[in-house]
Amino acid sequence: MIQAPKGTFDVLPADAERRSLLESRARKILGAAGYRRIETPVFESTELFQRGVGESTDIVQKEMYSFDDGAGRSLTLRPEGTAPICRAYLEHGMHKLPTPVKLWYLSSFFRAEAPQRGRYRQFWQVGAEAIGAAGPEVDAELIVLLAELLEVMGVKGTRLRLTSLGTPETRVEYRARLAEYLRANADRLAPEVRARIELNPMRAFDSTDPSTREVMKDAPKLLDGLAPDDAEHFAAVRRLLDTAGVRYELDPTLVRGLDYYTRTLWEFTSDALGAQSGVGGGGRYDGLIEQLGGQPTPACGWATGVERILLAGSEQPIAPDPVDLLVAPAGHGSAGADAASFELAREARRTGLAAQLELAGRSLKSSLRHADRIEARYVAIVDETGERANLREMATGEQQQDLAIATVIPTILRGSRLT
Ligand code: HAM
């Protein structure tokens, strides 16, 4: 038997209901704040992620599904949504729109990671990006919106970790200071951390190696060396979160695995998730648009994992949509009954009823059993002439009425009791 590739999964109808619920909640929360839906292609030029996400990141170094398109171009299944959205922003001249340009998405992403609970090779994210505004209100509002989405989905045991990365200049200076500290302590670092001292010293904070962790306790922290502007921006974000009653923990060791971040950076985790505890995160990325060839443009955003929300959330599957009417021909094979049943179901849907046609060749008795199982309010059994139908109201048991076929729908719409 052929199976789905490792790290992928099927969305079965029962799961699809919870996903739709998440989608409608996201649309409501983000739509109310002025965010509009965007979708970008599933694959992009590989160069977009090399430049956008960063050459030194794990994502670009080892997690991208890249392929040659047969004409010598390298394409990549998108591993994340921020770089593609910035590409679309530039390509469609969205800088001419009123600022900030507020966009949201619900899309699938691809990363060649080792699969485990909550970590897949194809997964979905809900994301929000606000492009073109630099104020701290943007950051704080985005955090509040994500907190709200996690809350309405019943995500349990959430914690918000928050920090600021400052500007690239501060970071260059800080990286040099950190690299110097790491070099001085190189003999106590894990080999993979030692190998990355020059490429990405910040990743040392991510290490799970006990000796490296010990070294990192005394490492210089970026938050202590922010430039005055950045420190003021961060203080303002924190004041807004305090006023909104959003609780957070300052965590100067927070690392998010994407190179485009500047200033505010955050991540929500959930106790309900185990090892893959990150449920959603984001930050400011004031340099990314310029990095991709545009004018310097401030921007900020987040993304949250759909599967992780559903794993950590308490929202129960919602019941399938109610069925108003099941239409069944009295005897399958009678041309008159089959055609009239087909028409009746179609007509009923046009008037707004949820109507299903009996499609499995069931006998009269098993059609009624089926109506019971799908909890149809009414069943119409269309007779062989195709001109009359027996309409039964399932809730009241035996109540039924023989009607001219044209009066079936008006009778249901009136909601009149059958006699
Ligand atoms: P990210 O932290 O890489 O950020 O991903 C966001 C969320 O996607 C994670 O918190 C997690 O819930 C989910 N996620 C990531 N990888 C996987 C996986 N392999 N399987 C299941 N879920 C996963 C970004 O992607 C940034 N683009 C967020 C952002 C938007 N920053 C600014 N704007």
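Biologist: How far is an oxygen atom of the ligand from a polar backbone atom of valine 279?
Modeller: This is a predicted model, in which local features need pLDDT of at least 70 and side-chain atom pairs count only at pLDDT 80 or more, while totals for chains, interfaces and linings use all residues. Residues are numbered from 1 along each chain as its sequence is written, and side-chain values use heavy atoms, with hydrogens and water left out. A polar contact is a pair of N or O atoms within 3.5 Å; within protein, one must be able to donate a hydrogen and the other to accept it, and residues adjacent in sequence count only if both atoms are side-chain atoms. From an oxygen atom of the ligand to a polar backbone atom of valine 279, the distance is 3.1 Å.

Biologist: What share of the ligand's accessible area does the protein cover?
Modeller: Accessible areas come from the Shrake-Rupley method with a 1.4 Å probe; for residues, only the protein chains shown count as cover. On its own the ligand has 650 Å² of accessible area, and the share covered by the protein is 96%.

Biologist: Which element gives the largest share of the shell around the ligand?
Modeller: Helices (H or I, at least four residues) and strands (E, at least two) are DSSP runs, numbered from the N terminus. Two or more shell residues come from each of strand E6 (122-131), strand E10 (278-284) and strand E11 (299-305). The largest share is five residues, and the element that gives it is E10.

Biologist: How many charged residues does the shell around the ligand hold?
Modeller: A residue is near the ligand if one of its heavy atoms lies within 4 Å of it, and 25 residues surround the ligand, with Glu80 and Arg256 among the closest. Ala, Val, Leu, Ile, Met, Phe, Trp, Tyr, Cys and Pro count as nonpolar, Asp, Glu, Lys and Arg as charged, and the others, Gly among them, as polar. A nitrogen atom of the ligand is 2.7 Å from a side-chain N or O atom of glutamate 80, and an oxygen atom of the ligand is 2.9 Å from one of arginine 111. Beside nine nonpolar and nine polar residues, the number of charged ones is seven.

Biologist: At what angle do the ring planes of tyrosine 105 and phenylalanine 109 lie?
Modeller: Rings of Phe, Tyr and Trp (its six-membered ring) pair if their centres lie within 6.5 Å; planes under 30 degrees apart count as stacked, over 60 as edge-to-face and the rest as tilted. By this rule there are seven aromatic pairs. Tyrosine 105 and phenylalanine 109 form an edge-to-face pair, with centres 6.1 Å apart and planes at 70°.

Biologist: Is phenylalanine 109 buried or exposed?
Modeller: Buried means under 20% relative accessible area, exposed over 50%, and partly exposed in between (1.4 Å probe, protein chains only). The relative accessibility of phenylalanine 109 is 1%, so this residue counts as buried.

Biologist: Which strand holds phenylalanine 123, the tilted partner of phenylalanine 109?
Modeller: The ring centres of phenylalanine 109 and phenylalanine 123 are 6.3 Å apart and the planes stand at 40°, so the pair is tilted. Phenylalanine 109 lies in strand E5 (residues 101-110), so the pair ties together parts 14 residues apart in sequence, and the strand of phenylalanine 123 is E6.

Biologist: Which residue does the side chain of aspartate 58 join in a polar contact?
Modeller: Aspartate 58 lies in helix H3 (residues 58-62) and, at 16% relative accessibility, counts as buried. A polar contact of 3.3 Å joins its side chain to that of arginine 203.
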